[in-house]
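I opened the notebook to record a short session of looking up strand pairing and backbone angles. The entries follow the order in which I went through them.

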Amino acid sequence: MLRKITSCVLTLFIMASLCVTVSARSEYQMKSCTAYTGDITVDGDIDELWNYVEWIPVTNLKAGDWVDDTSITPADYAALNCKVMWNGADTLYILFDVKDKVVTTSQPVDTWRMDSVEFYVDEDNSREGTIQDDASQTRILAEAGEASSDHWVSAAKLTDTGYVVEVAYKYFNVAVKDGTVSGFDLQVNDDANDDGNREACLGWCDVDDSASGSNEKWGEIKFSSTTVESFIPVAEEAAEAAEEAAPVTDESAAPAQTAAQTSDTASAFAVLALVSASAYIAVKKFRSSN
Ligand SMILES: [Ca+2]
Ligand SMILES: [Ca+2]
Ligand SMILES: [Ca+2]
Ligand SMILES: [Ca+2]
């Protein structure tokens with residue numbers, strides 16, 4: 001009897017452990033982000049305008065050797081935050097900011113095992129369960145430098161804490177306008193120990209690594225005609241305008257200005273002295289005539 005109870009308790013314990021392991025992955029949740037209008041340069045440097053766009057955190061650990069290892073914490077693998085913008089016509093910009101302690105140099109056969117970022121776009125958001133026609137998955141390696149293909153250009157730069165990638169994706173099927181919605185997802189692949197294999201893979205909406213085969217569980221991106229510039233605080237804008245409007249001063253101009261100001265001040269004092277003297281004479285005259 002005791003053996004039976006012990007066996008049941010053990011079975012329950014194992015089942016509970018399995019449940020914990022499974023629930024370590026996030027549940028799929030539709031997310032949405034908005035691309036506001038503005039222009040940036042695709043060069044791997046973060047443009048000033050990006051500062052006025054919200055970050056999109058990409059945090060779903062969905063694949064890689066560590067995906068079901070509960071001893072692993074987010075501090076152990078790369079972190080990805082993204083921003084989006086569009087040029088008001090046909091081009092979507094994406095900024096990837098990756099914090100990665102060990103950027104890989106290994107060259108395995110499969111590039112998805114290497115440090116890299118990915119973006120998924122389904123222009124008409126058709127969600128038919130495959131990736132075809134105007135839907136695509138694109139991978140940019142951390143060390144790719146400048147790269148391009150038919151519908152996109154990218155620039156990747158290493159930083160002290162990882163790497164930055166900027167992408168311009170040009171729409172070819174849908175005429176983007178205010179209110180357009182497309183299927184969209186983001187991803188980072190991390191080889192955490194430079195052995196040519198991927199330890200962690202994080203997605204924005206995808207939770208089970210199905211994004212590369214199906215567009216059903218991607219998120220959405222909405223396009224807005226509101227400009228990113230309109231988010232710049234008024235005081236900050238005024239300070240920038242004042243700075244731009246300020247006269248250019250150099251060492252030769254400064255003394256000339258001072259001399260002119262000194263001359264003006266001397267003239268003012270001379271006039272004041274003359275007026276005072278006249279008033280004094282007038283008073284004297286007035287007094288003497290009384
Ligand atoms: Ca840039
Ligand atoms: Ca489609
Ligand atoms: Ca590795
Ligand atoms: Ca890495």
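These entries concern a predicted model, and they go from one strand to one loop.

Entry on strand E12. I began with the strand that covers residues 200-203 and asked which residues of strand E12 are buried on each side. On one side I found Ala-200 and Leu-202, on the other Cys-201 and Gly-203, and since all of them are buried, I noted both faces of the strand as covered.

Entry on the partners of E12. I then looked up the pairing and found that strand E3, residues 60-63, runs antiparallel to E12 and is joined to it over three bridges, with Ala-63 having Cys-201 as its bridge partner. Strand E11, residues 181-190, also pairs with E12 in the antiparallel sense, over four bridges, and here I noted Asp-190 opposite Ala-200. Ala-200 and Cys-201, which I had already listed as buried, thus came up again in this entry.

Entry on the loop between E6 and E7. I turned to the loop between strand E6 (116-122) and strand E7 (135-141), where Asn-125 lies, and found its phi near 55°, a positive value in a residue that is not glycine. Asp-133 sits in the loop between E6 and E7 as well, and its phi is likewise positive, near 55°, again in a residue other than glycine.

Entry on exposure in that loop. Why does Asp-133 count as exposed? I wrote down that it does so because it has 12 C-beta neighbours inside 10 Å, and a residue is exposed at 12 or fewer. Asn-125 has 18 other C-beta atoms within 10 Å, so I entered it as partly exposed.

How values were computed:
Residues numbered from 1 in each chain as written. Chains lettered and ligands numbered in written order. Predicted model: local features only at pLDDT ≥ 70, side-chain atom pairs only at ≥ 80, totals over all residues. Buried ≥ 20, exposed ≤ 12 C-beta atoms within 10 Å, placed from the backbone. Helix = DSSP H or I, 4+ residues; strand = E, 2+ residues; numbered from the N terminus. Pairing = 2+ DSSP bridges.
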